[in-house]
Amino acid sequence: MEDSGGGCGLDMGEDDASKDGSAQSRAPGRLLMARAARGCSLVPVFITMWLLTGAQIDLCKRGDVTVRPARVVAFGSAVDISCSLRPGQGCRHRSSSNKLVLYRFNREISSHRGPALSSRVSDLPLGTTLFVCKLACAGSRQVPVCGAEISVGAVPERPRNVSCVQEGQHGAVACSWDPGRVTHLNDNYMLRLEGPKNFTWQKQCSNYCRHLDLGINLTFEQLESRFTAKVTVTNRLGNSSSFPSSFTLLDIAALRGAEVAGRWLMGMDQRPKPLPPCDVRVQFLNGSSSRCSLQWRDEAWVLLNRLRYRPCDSGSWRMVNVTEAKGRHDLLYLEPFTEYEFQVSSKLHLSKGGWSGWSEPLRARTPEEEPTGTLDVWFQRQRVGGGQRVSLFWKSLSLAEARGKILHYRVALQEVTGRTATLQNVTQGTSWTWVIPSTGTWTAAVSAVNSKGSSPPARVAIADLCGTGSLAPRQVSASSQAGDDITVTWQPPGHGDAAVQQYVVEWTALAGHGSRSPPSWLRVPPSGRSAVISENIEPYVCYEIRVYALSGDQGGCSSVLGDSKHKAPPGGPHIDAITEDKGRVLVSWSPSPALEQAGCVLCLRIYWREQDSSAPLGLQEVPPGRSQNSYPLTGLQRRATYVLWMTALTAAGEGPRGSEREFRLQGGASWSTVLVPSACVAVITVGVFSTRYFRQKALVLLSAFRPQWCGPGIPDPANSTWARRFLLEEERTPLPVDRTQAAVSPLEEPEPLVINEVLHGHPCWPERGRGDGGLFTCTEKPGDRGCSPLPAGALYKVLGGHGREPAQGVTLPGPDGYLPASPGDVATCGSLLPEPAEELGPQRVALSIFTASSLHPLGVACGQRLTLDQLRMGCDSLVL
């Protein structure tokens, strides 16, 4: 097989060593395995090996390679390697051109022109080294001649710490030992066991063996018999044997070989150990949570046991040693509703041997007991309508406090005076909300309930925890730390520091459009000035942090915003609407969802720019508000078009702008331009009408335009008290014979009275209080306006029906629209005067749309007949 300078080297075999210790390379029917060098594919190598093995081809037909003193040497030894060509196996053209080259793992170490080459090699590493000799002819590739593998190792050390074990009564004897250092050669181990009555048993293994199973069983009858174990190791450089190890069956019974070997490697004494106990189980007596009975199964000759147990979440064990337990022991003082882990170990003899391995762990949970812990309760209150909404929150009890599975929580709200019924509820959550009256003093009580009972109620007074300003903490600040924690610091109240009993730090995530998530809180002693909050804290989320200083049922609070991590907002708010309201521009927006994942927003900024104008940008900063979604702008010019947008600012910087929106401010008059002239007119009008003269003239002017139907109607004289009394007197008065037939029955409708004469002058009555009850006649001649007295009974001449004589003494209604109560009482009609003399007291102005000429003789308008049902007389006068 030919190979170039960078080709594959072949691993040649070796023949039997000669008597003088030299080993020549022979291949009279035995092939050596080929080894692939770097840069060669393994597939061609394996194919070549298969072909050479099947054909029995001699790879060293061109020459031989010899190694002195041997192909297996101790570490640090030097070897001489010789390569020679067989006759006729040199270069074909000229023998003088033969050149032999020696390679070590494909690296040239020596060369020589001629039929033979010799080289001395030292500093060989541990393990196997391959050497190949090749023939180099001019103008052709190098051809392999032969090769050899040299193994470097060490003489085996004496095996140490030989120990044996028999797994249980029916197990097999197995021994283990410490083989010592690695020899880097193929080692063969022989285990030999000798006993009484010429008992001998041996077994061997190779390749750095350290454990061997003999496959035999020692019976209980051989318990006191003594046996000897010995291990011998052999390789090409030498051999070595361990010291004999003597033992009895009692010493090795139930020992585990791997554990014993490990103990010997750690320099510990050999002690026999039984098999670990099995079938471990636990039973709680009478359902008790603090006492249990642990049971297990052991070997028959076990005398001692030890037990260990612990809660599953604990790292330390509790140990108990028992003698002759016979597979059972009671454990005390266990915690209720706690998962425990139990293990058992055994020992064969009181003073000899060692403990067995621990049994497989057994886990069991103790029964429940009544809760002992007290809930940590917090509350929030909010006024709604005429009451207050109270939200109670509490933290779950720890496992040690709950002592069982909490089934539900019992909540009660009670007014201290007892005048209001107690509100009770049962919930499985850790919060409860109810609306109660805003009057009175209320207390809340919350307790946890499991299958065995309930915890002591945790009571809290529902009060305004921010109502006492003197208790409010000062200089509250929040800062983020390296992790996801927030550090809150504060200073005590200025005047109420001594009264503070505790501080409560509350934090609530601000999410969505003003919504709130359930609060978290922690309590700090009165001497504390800071707190690190890490529970329910997420990065890039803003939290409203409140610090309460509590003193009994009173408290004061201060708040601040904080976050654990922040970044520049990825976008700004979206402007929903721009409206003009009361002379100002109102900008409304909806928060961007991206703001919720950027941290606390320090402020919002509203920018505006006038279109087609070089004016600088307008800017208005909006302070942060949890529920603020609008803000007014001032200073915008009217009849101008603006483009508005918004951005958000956090501690990491300002984010990009949100959506833009155009708006044009209308040019309507402002309130000031309308209000100022209106106020001036009102002042002037009030000033004018405060003068009596102008007020009288204005009223006269207004009365001329008032329609007649707006005034009060003229009453009917037939309905007056005087008319009714007159009819009664007329019935009682005897009439002349000639008028008896014309008398009117009170049950019949009276005949109409015919007025055949109407005075052309206006009859007047004297005003009340003048002392003159006579009648007057009024004239309207130019320059002569007044009234003169008339004789009694001269006002009307009334004629009876059917040609009878007229009746005398008929009077008219008075100024109030009704006839006088008696014939002696004469009414007045001063209201018919268009304008009394100015020297008479208060003036009366008749407000009517009819002129004075329309009130001239009634006969002109009504003809010669005027009935009482057609007569309506009255006085509508306005006294100034």
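Ser558 is found in strand β39, which covers residues 554–562. The model described here is a predicted one. Ser558 counts as buried because its relative accessible area is 17%, and the cut-off for buried is under 20%. The side chain of Ser558 reaches the backbone oxygen of Pro473 at 2.6 Å. Leaving aside neighbours within four places in sequence, Ser558 is in contact with Ala472, Pro473 and Val476, and also with Ile545, Arg546 and Val547.

**Overall figures**

The protein has nine helices and 55 strands. Of its 880 residues, 38% are buried. Among contacts with a separation of 6 or more, 62% are between residues 24 or more positions apart. The accessible surface of the protein comes to about 49,700 Å², and carbon and sulfur atoms account for 52% of that surface.

**Nonpolar cores**

The largest nonpolar core consists of 28 residues, and Leu375, Leu392, Trp394 and Ile462 have the most contacts inside it. Seven strands are listed as supplying at least two residues of this core each: β24 (376–384), β25 (387–395), β26 (408–415), β28 (431–437), β29 (442–450), β31 (458–462) and β38 (543–551). Apart from this core lies another, of 23 residues, including Val67, Val73, Val145 and Ile150.

Which residues does Ile462 contact, leaving aside its neighbours within four places in sequence? They are Phe379, Val390, Leu392, Leu413, Trp442, Thr443 and Ala444. One of these, Leu392, is also listed among the residues with the most contacts inside the core.

Val73, from the 23-residue core, is found in strand β2. Val73 counts as buried because its relative accessible area is 4%. Val73 and Ser151 are 78 residues apart in sequence, while their C-alpha atoms are 6.4 Å apart in space. Not counting residues up to four places away in sequence, Val73 touches Val79, Ile150, Ser151, Val152, Gly153 and Leu237. Ile150, in this list of contacts, is a further named member of the 23-residue core.

**Asn235**

Leu237 also takes part in a contact with Asn235: the side chain of Asn235 reaches the backbone nitrogen of Leu237 at 3.0 Å. Asn235 lies in strand β14, residues 226–235. Is Asn235 buried or exposed? Asn235 counts as buried, because its relative accessibility is 10%.

The side chains of Asn235 and Asp187 are joined by a polar contact of 3.1 Å. These two residues are 48 positions apart in sequence, with a C-alpha to C-alpha distance of 4.8 Å. Beyond four places in sequence, the contacts of Asn235 are Ala154, Val155, Pro156, Thr183, Leu185, Asn186 and Asp187.

**Backbone geometry**

Most residues other than glycine have a negative phi, and most peptide bonds are trans. Against this background, a cis peptide bond joins Arg68 and Pro69, with omega at about 10 degrees. Pro69 is placed in the loop between β1 (63–68) and β2 (72–74). Val73, described above, is in strand β2.

Two residues that are not glycine have a positive phi, as tabulated here.

| Residue | Phi | Loop between | Relative accessibility |
|---|---|---|---|
| Lys326 | about 55 degrees | β20 (318–323) and β21 (328–331) | 78%, exposed |
| Tyr540 | about 60 degrees | β37 (530–533) and β38 | 28%, partly exposed |

Strand β38, at one end of the loop that holds Tyr540, is also one of the strands that supply at least two residues to the largest core.

**Nonpolar surface patch**

Ile684, Val688, Tyr693 and Phe694 make a nonpolar surface patch of about 420 Å². Helices α5 (671–689) and α6 (692–703) each supply at least two residues of this patch. Val688 is found in α5. Why does Val688 count as partly exposed? Its relative accessibility is 36%, and partly exposed covers values between the buried cut-off of under 20% and the exposed cut-off of over 50%.

Terms used:
Residues are numbered from 1 along each chain as its sequence is written. This is a predicted model: local features need pLDDT of at least 70, side-chain atom pairs count only at pLDDT 80 or more; totals for chains, interfaces and linings use all residues. Side-chain values use heavy atoms; hydrogens and water are left out. A nonpolar core is a set of buried Ala, Val, Leu, Ile, Met, Phe, Trp, Tyr and Cys residues joined through side-chain atoms within 4.5 Å. Buried means under 20% relative accessible area, exposed over 50%, partly exposed in between (1.4 Å probe, protein chains only). Helices (H or I, at least four residues) and strands (E, at least two) are DSSP runs, numbered from the N terminus. Contact means heavy atoms within 4.5 Å. Patches are made of residues with over 30% relative accessible area and no salt bridge: like charges are joined within 9 Å, nonpolar side chains (Val, Leu, Ile, Met, Phe, Trp, Tyr) within 5 Å. Accessible areas come from the Shrake-Rupley method with a 1.4 Å probe; for residues, only the protein chains shown count as cover. A salt bridge is a side-chain nitrogen of Lys or Arg within 4 Å of a carboxyl oxygen of Asp or Glu. A polar contact is a pair of N or O atoms within 3.5 Å; within protein, one must be able to donate a hydrogen and the other to accept it, and residues adjacent in sequence count only if both atoms are side-chain atoms.
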